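Visitor: Please take a close look at one turn between two strands, and follow the chain outward from there. What does the model show around it?

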Amino acid sequence: MSKTVKNMIISEIRSRLGDCDQMLIVDASRLDAVTDNRFRLALQEKGIQLLQVKNSLACHALADRNIAGLREVMNGPSTLVWGGEDIVALSKEMTRWAKEVKPLEIKGGALEGKAIDSAGVQKLSKSPSRLELIGQIAGLLLSPGARIAGALLGPGGTICGQLKAMGESEEGDE
């Protein structure tokens, strides 16, 4: 392959990735055609993109992103996977697919400028997603207010119940 063609492919990889610096690398080369098509269509519906790459050209394209250790992850057939809601949701989706489709192998990925291996992707898939974290933070922010409201309403409800009971007992005495 001539240097001109290689440079064209490298620029195409860069343009397809855009400013994405969080991605996973999988080996989807052993999937049969039907499974591969189903896999790609399902990911496309979720806004996840795949790009089968030549490792040396992908490493050149990703060199300006300063991702350390990516060359060790990219050995053998590699497919770059990026997009979706966030990197945690992407890792959960790819882990689910790897369990469902045995020939699919998760090789690793890139997260915040560092390469992660397949064990790191497994750990990442077990952590809460962005939306789950936002929900947890919102719950923590609202819990003091709920406690105060409960504390204020609790004694008032008790007093009200006692007054009502006293009023009913006086009516019964008459």
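Guide: In the hairpin formed by β4 and β5, 2 residues lie between the strands, and E112 takes a positive phi near 50 degrees. This is a predicted model, in which local features need pLDDT of at least 70 and side-chain atom pairs count only at pLDDT 80 or more, while totals for chains, interfaces and linings use all residues. Residues are numbered from 1 along each chain as its sequence is written, and side-chain values use heavy atoms, with hydrogens and water left out.

Strand β4 covers residues 105–111 and is joined to β5 by 4 bridges, the two running antiparallel. One of the partner relations places G108 opposite D117 of β5. Strands here are DSSP runs of E with at least two residues, helices are runs of H or I with at least four, and both are numbered from the N terminus. Two strands count as paired if DSSP finds at least two bridges between them.

The hairpin belongs to an open sheet of 5 strands, ordered β2-β3-β1-β4-β5 with antiparallel pairing. β2 (48–53) and β5 (114–117) stand at the edges with a single partner strand each, so one side of each has no neighbour in the sheet. On average, neighbouring strands of the sheet are turned by 25 degrees against each other, direction ignored. For such angles, axes are lines fitted to C-alpha atoms, for helices over the stretch in contact, and the angles run from 0 to 180 degrees between N-to-C directions.

On from β4, the sheet continues with β1. These two strands pair in the antiparallel sense over 5 bridges, and M23 has A110 as its bridge partner in β4. β1 (residues 23–27) is also joined to β3 (residues 78–83) by 3 bridges, again antiparallel; there V26 is partnered by T79. Burial fits this setting: 5 of the 5 residues of β1 are buried, so the strand is largely enclosed by the rest of the structure. Buried means under 20% relative accessible area, exposed means over 50%, and partly exposed lies in between (1.4 Å probe, protein chains only). M23, I25 and D27 point one way from β1, L24 and V26 point the other way, and all are buried. For the chain as a whole, 33% of its 174 residues count as buried.

A28 is found in the loop between β1 and α2 (33–45), and A28 is buried too, at a relative accessible area of 7%. A28 and P103 are 75 residues apart in sequence, yet their C-alpha atoms are 7.3 Å apart in space.

The strands are set among helices: the chain has 7 helices and 5 strands, following the pattern α-β-α-β-α-α-β-α-β-β-α-α along the sequence. Helix α5 (residues 87–100) contains E93, which is buried at a relative accessible area of 9%. E93 forms a salt bridge with K46, whose closest N and O atoms are 2.9 Å apart. That pair links distant parts of the chain, 47 residues apart: E93 in helix α5 and K46 in the loop between α2 and β2. K46 is partly exposed, at 47% relative accessible area. A salt bridge is a side-chain nitrogen of Lys or Arg within 4 Å of a carboxyl oxygen of Asp or Glu. Side chains of opposite charge can pair when their charged atoms come close.

E93 also meets R96 in a salt bridge of 2.7 Å, N to O. R96 and E93 are 3 residues apart in helix α5, which means a separation of about one helical turn; R96 counts as partly exposed at 38% relative accessibility. R38, K46, E93, R96 and E100 are linked in a network of salt bridges.

The structure holds 7 salt bridges. Another of them joins D36 and R40 at 3.2 Å, N to O. These two residues lie 4 apart in helix α2, so about one helical turn separates them. R40 is partly exposed, with a relative accessible area of 27%.
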